[in-house]
Amino acid sequence: MNILVGAEAKILLDGSLDISEAILSDIQVLGIAEHSFQGDVSMLVHALGRAFESYRSAEFARVWVHPGLRLLQWQPMSPQFFQEAMRLALEHELYVEINLRYNLPPEPFISFIPSSKAVVGVDAHSVDEVKRLGEIILDLESTIADRSSTRAKRGDYEAR
Ligand SMILES: [Zn+2]
């Protein structure tokens, strides 16, 4: 088993992240989280864009964790903002978490995430949760793998 060390950082109003350089130098995975953002929805999308631009050439992988946990609270206009944030995440080559604790992103948006950029997360807070959600992860991973192999096959066909 390969164990990586990561940290979750929240986005501040200006799009910077609430994390120190000392911690950044010790991690292999940076989780970018929007859930305690203080501004309004368009400020959040702007801040996400800034955050997604940062650390692009860093050694650690960058993941948008539990995507939409705050953003999708602004109903009814939040889906269009969410779609824009998803576009920015993929444009800036982030990984996007498919979070099983919160079932995020919502189902219709999962298909936007290329399988090479999808990370399945349990967001577990106990060993029992890891066991319970582990089964779901294995199922989901094989679904995603099937989807990309179907896509590859389709690509082969079109290339001929
Ligand atoms: Zn969180």
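These legends accompany several close-up views of one predicted model.

**View 1. The whole protein, helices and strands together.**
Let's start with the full chain before zooming in. This predicted model holds 5 helices and 5 strands. Followed along the sequence, they come in the pattern β-α-β-α-β-α-β-α-β-α. The radius of gyration is 16 Å, close to the 15 Å that the globule rule gives for 160 residues, so the protein is as compact as a globular protein of that length. Along the principal axes, the C-alpha atoms fill a box of roughly 45 × 35 × 30 Å. Buried residues account for 24% of the 160 residues. Among contacts with a separation of 6 or more, 62% link residues that are 24 or more positions apart.

**View 2. The open sheet and its two edges.**
Here we look at the 5 strands, which form an open sheet in the order E1-E2-E3-E4-E5 with parallel pairing. Which strands stand at the edges? They are E1 (6-10) and E5 (118-121); each has a single partner strand, so one side of each is left without a neighbour in the sheet. From one strand to the next, the twist averages 30 degrees. As a reminder, strands of a sheet pair through backbone hydrogen bonds, either parallel or antiparallel.

**View 3. Strand E4 and its two partners.**
This view follows strand E4, which spans residues 95-99. On one side, E4 pairs with E5 in the parallel sense over 4 bridges, and isoleucine 98 has valine 120 of E5 as its bridge partner. E4 also pairs in the parallel sense with E3 (residues 61-64), over 2 bridges. In that pairing, tryptophan 64 has valine 96 of E4 as its bridge partner. Is E4 enclosed or open to its surroundings? Since 5 of the 5 residues of E4 are buried, the strand is largely enclosed by the rest of the structure. Its side chains are worth a look too: Tyr95, Glu97 and Asn99 point one way, Val96 and Ile98 point the other way, and all are buried.

**View 4. From E3 over helix H3 to E4.**
E3, helix H3 (residues 78-91) and E4 together make a right-handed β-α-β unit. Two residues in the loops of this unit have a backbone angle to check. Histidine 66 lies in the loop between E3 and H3, and its phi is near 30 degrees, a positive value in a residue other than glycine. Glutamate 93 lies in the loop between H3 and E4; its phi is also positive, at about 60 degrees, although it is not a glycine. Are these two residues buried or exposed? Histidine 66 has 23 other C-beta atoms within 10 Å and is therefore buried, whereas glutamate 93 has 11 and is therefore exposed.

**View 5. The surroundings of valine 96.**
Valine 96 belongs to strand E4. With 23 other C-beta atoms within 10 Å, and 20 or more being the cut-off, valine 96 counts as buried. Which residues does valine 96 contact, leaving aside its neighbours within four places in sequence? They are Trp64, Pro67, Ala89, Ile113, Lys117, Ala118 and Val119. Trp64 is also the bridge partner of valine 96. If you would like a distance to check on screen, the C-alpha atoms of valine 96 and serine 115 are separated by 9.7 Å, although these residues are 19 apart along the chain.

**View 6. A cis peptide bond before proline 105.**
Leucine 104 and proline 105 are joined by a cis peptide bond, with omega at about -10 degrees. Proline 105 has its place in the loop between E4 and helix H4 (107-110).

**View 7. Confidence along the chain and at residues 155-160.**
The average pLDDT of the protein is 89, and 92% of the residues score at least 70. Where does pLDDT stay under 50? This happens over residues 155-160, for which the model has 0 contacts beyond four places in sequence. Where pLDDT is low, the predicted coordinates should not be read in detail.

Methods:
Residues are numbered from 1 along each chain as its sequence is written. This is a predicted model: local features need pLDDT of at least 70, side-chain atom pairs count only at pLDDT 80 or more; totals for chains, interfaces and linings use all residues. Two strands pair if DSSP finds at least two bridges between them. Axes are lines fitted to C-alpha atoms, for helices over the stretch in contact, and angles run from 0 to 180 degrees between N-to-C directions. A residue is buried if 20 or more other C-beta atoms lie within 10 Å of its own, exposed if 12 or fewer, and partly exposed in between; C-beta atoms are placed from the backbone. A crossover is right-handed if, with the strands pointing away from the viewer, the path from the first strand over the helix to the second runs clockwise. The radius of gyration is taken over C-alpha atoms; the globule rule is 2.2 Å times the number of residues to the power 0.38. Two residues are in contact if their C-beta atoms, placed from the backbone, lie within 7 Å. pLDDT is the predictor's confidence in each residue, from 0 to 100.
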